[in-house]
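Student: I have a model open and would like to learn how its descriptive labels are earned. Could we go through some of them together?

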Amino acid sequence: MSENITVIGAGTMGAGIAQVAAIHGYRTTLCDVSEDQLASAVGAIEASVEKGIARGKTPEEARERVQSGLTTESDLQQACQGATVVIEAVPEDLGLKQSIFQKVEEVIADDALLASNTSSIPISKLAANLKSPDRFVGMHFFNPVPIMALIEVIRGESTSDGAIDRTVDLAHRLSKEPIVVKDSPGFATSRLGLVIGLEAIRMLEDGVASAVEIDKAMELGYRHPMGPLKLTDLVGLDVRLAIAEVLHEQIGEQFRPPQLLREMVEKGHLGKKTGQGFHDWSA
Ligand code: CAA
């Protein structure tokens with residue numbers, strides 16, 4: 001099925017999703033309230049496409065597909081005109097996401113698919129105030145989006161089988177591997193990933209080992225491609241804190257955010273994107 005894809009939010013995830021959609025030949029609109037954010041997302045997409053081409057992972061025609069098929073728009077409702085799929089990737093804030101989808105629903109075609117890239121907010125909560133919650137799904141991508149193979153497809157209480165099938169089909173067309181999971185707190189990936197990530201931070205607080213050693217433990221001892229503290233730096237400490245807060249409230253004590261994580265976020269040490277997290281990324 002040919003789709004026109006609008007991605008809302010031009011942060012790391014939104015830019016990655018838009019890149020993957022555009023290089024697979026979909027007409028793609030990337031939307032963000034900030035023109036600066038849109039410009040920096042386009043720069044990041046172009047650089048990543050060039051890297052992919054240089055590595056032989058991305059076909060040469062991807063460059064042209066991005067140039068001709070990817071547009072940016074700062075007005076939300078304008079960005080959704082003519083869209084057949086809307087994928088939201090804004091920060092983990094229930095009110096913000098709900099208000100975006102309400103505005104989107106005012107202008108979108110009746111048969112358009114609405115998806116959220118949320119890592120932790122229940123899909124059924126996000127869809128609660130929508131007129132047509134049956135076409136609402138979770139479509140959870142992973143960072144770095146152009147490289148990571150998985151899309152976690154989340155079925156909300158009201159999501160129709162048709163919406164799930166269409167999302168699974170789209171995931172395959174984006175060269176990703178989908179899994180379909182129930183709408184339960186943290187789905188499959190955030191719930192499991194956070195357990196290791198938060199415990200690694202508590203181990204650092206307890207002085208069990210240094211950040212480098214804790215990461216090495218999982219890289220060399222368990223063959224994880226990246227240790228849990230490096231991964232937290234990659235994802236963003238603010239992003240992980242927001243997910244932990246949701247899971248702490250919904251599941252319980254094992255997801256209570258460690259004090260060290262809160263302090264680092266307060267200091268603006270958000271990981272790779274700010275140059276400083278559990279590791280130094282300034283170089
Ligand atoms: N486009 C396409 N392919 C690219 C590319 C690009 N721009 N850049 C690199 N690649 C390819 C490389 O060619 C390479 O392919 P092969 O393995 O076939 O050779 C592969 O991607 C890895 O690239 P690198 O060699 O440059 O990097 P690396 O080996 O150091 O791996 C990594 C980097 C992929 C990030 C790896 O460390 C990793 O998998 N880390 C874990 C990432 C992870 O767990 N992400 C999930 C985070 S949780 C999340 O995102 C969800 C959430 O809700 C917050």
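Tutor: Gladly; this is a predicted model, and we will take the labels one by one.

Student: What makes the pair formed by the ligand and Lys57 a polar contact?

Tutor: An oxygen atom of the ligand is 2.4 Å from an N or O atom in the Lys57 side chain. The cut-off is 3.5 Å, so this pair qualifies as a polar contact. The side chain of His140 has an N or O atom 2.6 Å from a ligand oxygen, and for Arg55 that separation is 3.0 Å. Both values are within 3.5 Å, so these pairs count too.

Student: How much of the ligand does the protein bury?

Tutor: Alone, the ligand exposes 1100 Å², and the protein buries 67% of that. Helix H2 (35–54) and helix H10 (228–235) each give two or more residues to the shell, with H2 giving the most, three residues. By type, the shell holds nine nonpolar, six polar and three charged residues.

Student: How do you know where the ligand lies relative to domain 1 and domain 2?

Tutor: Look at who supplies the shell: domain 1 (4–182) and domain 2 (189–272) both give residues, so the ligand lies between them.

Student: Why is Phe187 called buried?

Tutor: Its relative accessible area is 5%. Buried means under 20%, so Phe187 earns the label. Phe187 is in the loop between strand S8 (177–182) and helix H8 (189–205).

Student: And what makes Arg223 exposed?

Tutor: Arg223 has a relative accessible area of 77%. The label needs over 50%, so exposed is the right word for Arg223. Arg223 sits in the loop between helix H9 (211–221) and H10.

Student: What is notable about phi in Phe187 and Arg223?

Tutor: Phi is near 50 degrees for Phe187 and near 60 degrees for Arg223. Most residues other than glycine have a negative phi. Each of these two is a residue other than glycine with a positive value.

Student: Why is the bond joining Asn143 and Pro144 called cis?

Tutor: Omega of that peptide bond is about 0 degrees. Most peptide bonds are trans. Pro144 is placed in the loop between strand S6 (136–140) and strand S7 (150–155).

Student: Last one: how do you know that strand S1 pairs with strand S2?

Tutor: Five bridges join S1 to S2 (residues 27–31). Pairing asks for at least two, so the strands pair, and they run parallel. Ile8 stands opposite Cys31 in S2. Four of the five residues of S1 (residues 4–8) are buried, so S1 is largely enclosed by the rest of the structure.

Conventions:
Residues numbered from 1 in each chain as written. Predicted model: local features only at pLDDT ≥ 70, side-chain atom pairs only at ≥ 80, totals over all residues. Heavy atoms only, no water. Polar contact = N/O pair within 3.5 Å; in protein donor to acceptor, adjacent residues only side chain to side chain. Areas by Shrake-Rupley, 256 points an atom, 1.4 Å probe, with all protein chains shown as cover. Nonpolar A, V, L, I, M, F, W, Y, C, P; charged D, E, K, R; others polar. Domains from an automatic or database assignment. Buried < 20%, exposed > 50% of the residue type's maximum accessible area, 1.4 Å probe, protein only.
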